[in-house]
Amino acid sequence: MPSEPPTEPGSNGEPTDPSIGEPEEVADDATESDGEDDRSYEQQVVDELVPDISVGDDANPDSHQVDAEPDNDAEADAEDELSDALEEIDDDLLNAFIKIVVSIKAGILLISIGLLVIGFREMLALGGGLIAVGCLALGRAAHRYWDHKQTRQQRDDG
């Protein structure tokens, strides 16, 4: 066939005898490797590219330090500032913040799942219900924010 390249450069297109030339050299290379080619090519590449990772079964388990206390003063100062800031926050503000964040996250999650259910499962009733509940959760978050803001303004004015 004229579209197929010859098996050996310079040949007239006829296949050569496999016992002559290059196949013997490949066989010699495989026998000289002393068992290094027992693994597949893919495994050799993975072994070269991926470092050895231990899973915690080291011979020296005490060599790992527990990060219980910060190593430098900057980390200790940052932790102290954070704990002081959290202590200074009003409990009402912290509770309102947590409720608003949870409501927003729940609303986004429910709307997303509703859209996925409609798009992939074509369950319009279930997806529409999830979207409606998600919108209600976002509306409730907005109401909690507005209510907390109004309460703070009345407390500050009065």
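Helix α4 gives the most to a nonpolar patch on the surface of this predicted model, with 5 residues. The patch covers about 690 Å² and is made by L82, L86, I89, L93, L94, F97, I98 and V102. Two helices, α3 (73-88) and α4 (91-121), each supply at least two of the patch residues. V102, one of the residues that make the patch, is found in α4.

The next step is from the patch to the packing of α4. Two packed helices are described by the angle between their axes and the distance between the axes. For α4 and helix α5, which spans residues 124-157, the angle is about 160° and the axes are 7 Å apart. Angles over 145 degrees count as roughly antiparallel, so α4 is roughly antiparallel to α5. The crossing of α4 with α5 is left-handed. Sorted by type, the residues of this contact comprise 21 nonpolar, 7 polar and 5 charged.

Charged side chains also pair up in the model. The structure holds 3 salt bridges. One of the pairs is R152 with D90, whose closest N and O atoms are 3.5 Å apart. Which parts of the chain does this pair tie together? R152 lies in helix α5, while D90 sits in the loop between α3 and α4, so the salt bridge ties together parts that are 62 residues apart in sequence.

Helix α4 therefore appears in two of these descriptions: as the helix that gives the most to the nonpolar patch, and as the roughly antiparallel partner of α5.

Definitions and conventions
Residues are numbered from 1 along each chain as its sequence is written. This is a predicted model: local features need pLDDT of at least 70, side-chain atom pairs count only at pLDDT 80 or more; totals for chains, interfaces and linings use all residues. Side-chain values use heavy atoms; hydrogens and water are left out. Patches are made of residues with over 30% relative accessible area and no salt bridge: like charges are joined within 9 Å, nonpolar side chains (Val, Leu, Ile, Met, Phe, Trp, Tyr) within 5 Å. Accessible areas come from the Shrake-Rupley method with a 1.4 Å probe; for residues, only the protein chains shown count as cover. A salt bridge is a side-chain nitrogen of Lys or Arg within 4 Å of a carboxyl oxygen of Asp or Glu. Helices (H or I, at least four residues) and strands (E, at least two) are DSSP runs, numbered from the N terminus. Axes are lines fitted to C-alpha atoms, for helices over the stretch in contact, and angles run from 0 to 180 degrees between N-to-C directions. Angles under 35 degrees count as roughly parallel, over 145 as roughly antiparallel, 65 to 115 as roughly perpendicular and the rest as oblique. A crossing is left-handed if the near helix is turned anticlockwise from the far one by less than a right angle, and right-handed if clockwise. Ala, Val, Leu, Ile, Met, Phe, Trp, Tyr, Cys and Pro count as nonpolar, Asp, Glu, Lys and Arg as charged, and the others, Gly among them, as polar.
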